[in-house]
Amino acid sequence: MKSNTNYSFDCLIGIERAILSTLITYPEVDKINEAISIIEANDFYFEQHGLIFNTIIDQYNNDRPIDEITVYLRNKAKIQESYSLDVIAANPLASLTDYLKQLKFYSLERQITVVAAKVKEGDFKKINDLQVLQDKMESLGDIRNLKPFTDKFEAYISSLDLDVEKIKNKKVEYLYDNFLVKNDIIMIVARPGTGKSLVSVALCNMLLSEDKVKRVFYLDGDNSELTIKTRNIHHLKEKFGNRLNYLVELSRSSFMQVINELKKIDLTDCLIVFDSIKNFITGDRNNHKDVTELMNILKILRKNGATIIFLHHQNKLQKEFNSEFAGSSAFAEDVALAFELRKNEDKQTYILIPIKDRNNTSDYIAFKYNQDNTLTKVDVDYAMETNEDLEMKEEIIRFIASSKEKPKYSDILSTLTDAGYNKDKANKIIQNGKDKYWKATRIPRQNNKLVFELIDNQDSQDNPINRGL
């Protein structure tokens, strides 16, 4: 609001009359409260208008009627009839906010002129008063014309509000063993060459075979047709026909055309795999806005009923930075589940480690890959155990079995470190083996000394495989 002390009195008197006419004609609570929050009686240039304003507010505060007669009669001794008639004759306003702000602005200008003159004359105590007035003037720009809730708004917001009964009937459905959440977005990240595509194709094969999904759309932007042949994926296409649509070696524009068509279709009980997600980004995978645009497309496909799996790469290992995945954090913001895929070369097992679980329902899961493009679920501890882990475990078992007395923790740790094993790894094996291969007991009569002994009837570590699906 620009300063202009050269306003005409005709303009000012018109503003004051219009405000008062509105408050008398439409003495609504919101209008009067708005007026009280912005102006005071002394903000009116004409004293008679200030008297009328105070009378209106007094009537309001005492729950007395407000109209052209009662306002005048209430303060007849002070209010001149001509001023009252001029106010009544003025056209009331639909909205008061701008007029109230303008009236306040003119009032503050007059006050600032008076105070500034006193400062100029040497009354420096008025400098603080001057600053207060200037702050009030600047704050006028923050005043907005806010409306109360209306029936129209209530109807609109109710149409979008949470459907309690619908939510009560919602439940987390899985396509597979607390692992793949149906009708949601799942990210699988791994280092290049770990086996993301192998695992995802095998999952598609198994889910189709068991009728967990009606149809799979596999969008492969990474691999070549030669790779497809070596992995026998063409045999899966022969097996499932139109239930498996495997798209490979397409241009980016062709892929995007397919996605645009899928956005128009009911995708209930369908699985869509993006291999890998970097091939479907318009722009930079490190740019949050570009990645968010792609994730919004995935959310549309999810809304259409699809389950989405997208494969993604991890960053190269660096000394001071090791992100769980490459690119913007927007990749993880809209997914229900995210897993890191690791491969244990010693056991030839694949372990999926949750790195995000929005519903707090998933855990580690591990598989062996079979040449017929299926997966066999295996015990996670078995899957993660390296040859070195196995050697240390067997060394501990031999040591405990051959000891004349039950050994202490320090005895076992020394045995392993003396054999050349890393101390931290050795401690991890000792702790992880408790209550599986050996147990630890405290002896009260020997200062609660902790000793170890083997557990009878151990299950063989080589019999952990349980068929999945």
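**Cavities, a pocket and some salt bridges**

The second largest cavity here has a volume of about 30 Å³. Quick reminder before I go on: this is a predicted model. So, who lines that cavity? The lining is made of Ile24, Ile52, Val71, Tyr72, Ile79, Ser84, Val87 and Ile88. Two elements, α4 (68–74) and α5 (81–89), each give two or more residues to it, and α5 gives the most, with three. By class, the lining splits into seven nonpolar residues, one polar and no charged.

Okay, next cavity. The count comes to two cavities of 30 Å³ or more, and the largest holds about 50 Å³ of space. Around the largest cavity you'll find Val201, Cys204, Asn205, Leu208, Tyr218, Ile233, Leu236, Phe240, Leu244 and Tyr246. The elements giving two or more residues to that lining are α10 (196–209), α12 (233–240) and β5 (244–248). Of these, α10 gives the most, with four. The lining of the largest cavity has nine nonpolar residues, one polar and no charged.

Now swing over to the second largest pocket, at about 420 Å³. It has 15 lining residues, and Lys170, Lys171, Lys182, Asn183 and Asp184 lie nearest its centre. How does that lining divide up? Three of its residues are nonpolar, four are polar and eight are charged.

Speaking of charge, let's do salt bridges. Side chains of opposite charge can pair when their charged atoms come close. The count for this model is 24 salt bridges, and I'll just pick out a few.

Start with a local one. Glu165 pairs with Lys168, with 3.6 Å between the closest N and O atoms. Both sit in helix α9 (residues 164–168), three residues apart, so about one turn of the helix. Lys168 counts as exposed because its relative accessibility is 59%, and the cut-off is over 50%.

Then a long-range one: Lys278 and Asp222 meet at 3.4 Å, N to O. That pair links distant parts of the chain, 56 residues apart, with Lys278 in the loop between β6 (270–275) and α14 (288–303) and Asp222 in the loop between β4 (215–220) and α11 (225–230). Lys278 is partly exposed at 36%, and Asp222 is partly exposed at 32%.

Lys299 and Asp334 also form a salt bridge, at 3.5 Å between the closest N and O atoms. Lys299 is in helix α14 and Asp334 in the loop between α15 (330–333) and β8 (337–344), so the pair ties together parts 35 residues apart in sequence. Is Asp334 buried or exposed? Asp334 is buried, at 18% relative accessible area, while Lys299 is partly exposed at 28%.

Last one: Glu40, Asp43 and Lys104 are linked in a network of salt bridges.

Methods:
Residues numbered from 1 in each chain as written. Predicted model: local features only at pLDDT ≥ 70, side-chain atom pairs only at ≥ 80, totals over all residues. Heavy atoms only, no water. 1 Å grid on protein atoms, 1.4 Å probe; cavity = no way out; pocket = protein on both sides within 12 Å on 5 of 7 lines; lining within 4 Å. Points joined across faces, edges and corners; volume = space filled by probe spheres on them. Nonpolar A, V, L, I, M, F, W, Y, C, P; charged D, E, K, R; others polar. Salt bridge = Lys/Arg side-chain N within 4 Å of Asp/Glu carboxyl O. Buried < 20%, exposed > 50% of the residue type's maximum accessible area, 1.4 Å probe, protein only.
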